[in-house]
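Trainee: I am new to this structure and would like to go through its surface and its empty spaces. Could we look at it together?
Mentor: Certainly; please ask as we go.

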Amino acid sequence: MDAADIVASVLVVGIIIVSLLSNVVVLICFLYNPEIRKQVPGLFILNLTFCNLLLSVSNMPLTLVGLITTGYPGGSGFCQFVGFLDTFLTTNSMLSMAALSIDRWVAVVFPLSYHSRIRHRDAVVALAYTWIHSLCFSTVATYRSWVGYHHLYASCTLCNVRAKGAGTQFIMFTVALHSLTFLLTLIVLCVTYWKVLKVARFHCKRIDVITMQTLMLLVDIHPSVRQKCLDEQKRRRQRATKKISTFIGTFVVCFTPHVITRIVELFFPGPISPHWGVLSKCLAYSKAASDPFVYSLLRHQYRKTCNLLANKVLKRSPLNSSSLRMENSAARSDNNSNTTNNIRQTSA
């Protein structure tokens, strides 16, 4: 192993640990909180978490073994099964992200009719499509023996070396796979979140007008309060843009290098650096570690559930912890007031 392989191995280990811990926390929150289970997006998040967990315990460890041993991890049949999982789980997770973006678009653009437009039955139909779509591509690739150990990515995945006899058929299959998964999901993400951003900006403008009118009427308001209102107004305008940039940005950064490398490998059969191939695969794996934070753990409902679980594990009630914080803040304010009185007395 050279230095690059050691760095890549450490990176894969870090991705595995973060992915396992974060996705397990999301799964625990889903099972613990009935309100999360009642929501339609919870089904999509559960499916995405399932794909990420399975990817973390199957494909990622074998890539780590391939990096350490610089060889073939397991037998041919086992590697084909792992390659089947790689295609299935990656495709399924991408389509789950597209389903989540459509759900949020309907929730924001049609808030009054959301519950009649998106029901659990519709979510089940969407999930059934993602599974059928993923199974079709992964089954065809495995049946045609187009999956195997690929030295460029140090993992069991679609392998153009095993598909040399197929030629045009393998090229058409790979282009169709990436067009109907990566490209389709990217288009759905961009269109839906752009519409969500337009609605968010429209509401921000309405709130800004009301805020400015209120500030103009309150002549005697303190300048610090006025500045706080203006700062909050600025943060409100940036909040939606940051969230949407995170949704689309993580998808593009994590998957685009790997997909481009796949296309270049098809049409330009020149040598590609194996270090770049492993890096692009690690970036694709890192999406499984970032998804829990992007779609779940940073949301208020999941944070609240995590706090409740932490309080339960530590055997303290939320009321006691909040009262303890209030007592600490009161003690700090008393100390500050005593210090101020002492200073005044000393100066006098």
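Trainee: Why does valine 175 count as partly exposed?
Mentor: Valine 175 counts as partly exposed because its relative accessibility is 30%; buried means under 20% relative accessible area, exposed over 50%, and partly exposed in between (1.4 Å probe, protein chains only). This is a predicted model, in which local features need pLDDT of at least 70, side-chain atom pairs count only at pLDDT 80 or more, and totals for chains, interfaces and linings use all residues. Residues are numbered from 1 along each chain as its sequence is written, and side-chain values use heavy atoms, with hydrogens and water left out.

Trainee: Which helix holds valine 175?
Mentor: Valine 175 lies in helix α8. Helices (H or I, at least four residues) and strands (E, at least two) are DSSP runs, numbered from the N terminus.

Trainee: And where is isoleucine 6?
Mentor: Isoleucine 6 is in helix α1, residues 3-32. With 45% relative accessibility, isoleucine 6 counts as partly exposed. Its C-alpha atom is separated by 8.0 Å from that of isoleucine 68, although the two are 62 residues apart along the chain.

Trainee: Let us turn to empty space. How much of it lies in the largest pocket?
Mentor: The largest pocket holds about 630 Å³ of space. On a 1 Å grid over the protein atoms alone, a pocket is an open set of points with protein on both sides within 12 Å along at least five of seven lines, while a cavity is a set of points where a 1.4 Å probe fits but cannot get out; lining residues have an atom within 4 Å of a point. Grid points are joined across faces, edges and corners, and a volume is the space filled by probe spheres set on the points.

Trainee: Which element gives the most to the lining of that largest pocket?
Mentor: Helix α9 gives the most, with six residues.

Trainee: How many cavities of 30 Å³ or more are there?
Mentor: There are three cavities of 30 Å³ or more. The largest cavity has about 310 Å³ of space. Of the 26 residues that line the largest cavity, the closest to its centre are Asp86, Thr90, Thr91, Met94 and His258.

Trainee: Which element gives the most to the lining of the largest cavity?
Mentor: That is α5, with eight residues.

Trainee: What lines the second largest cavity?
Mentor: Its lining is formed by Leu158, Asn160, Phe170, Thr174, Arg262, Glu265 and Leu266. The second largest cavity holds about 40 Å³ of space.
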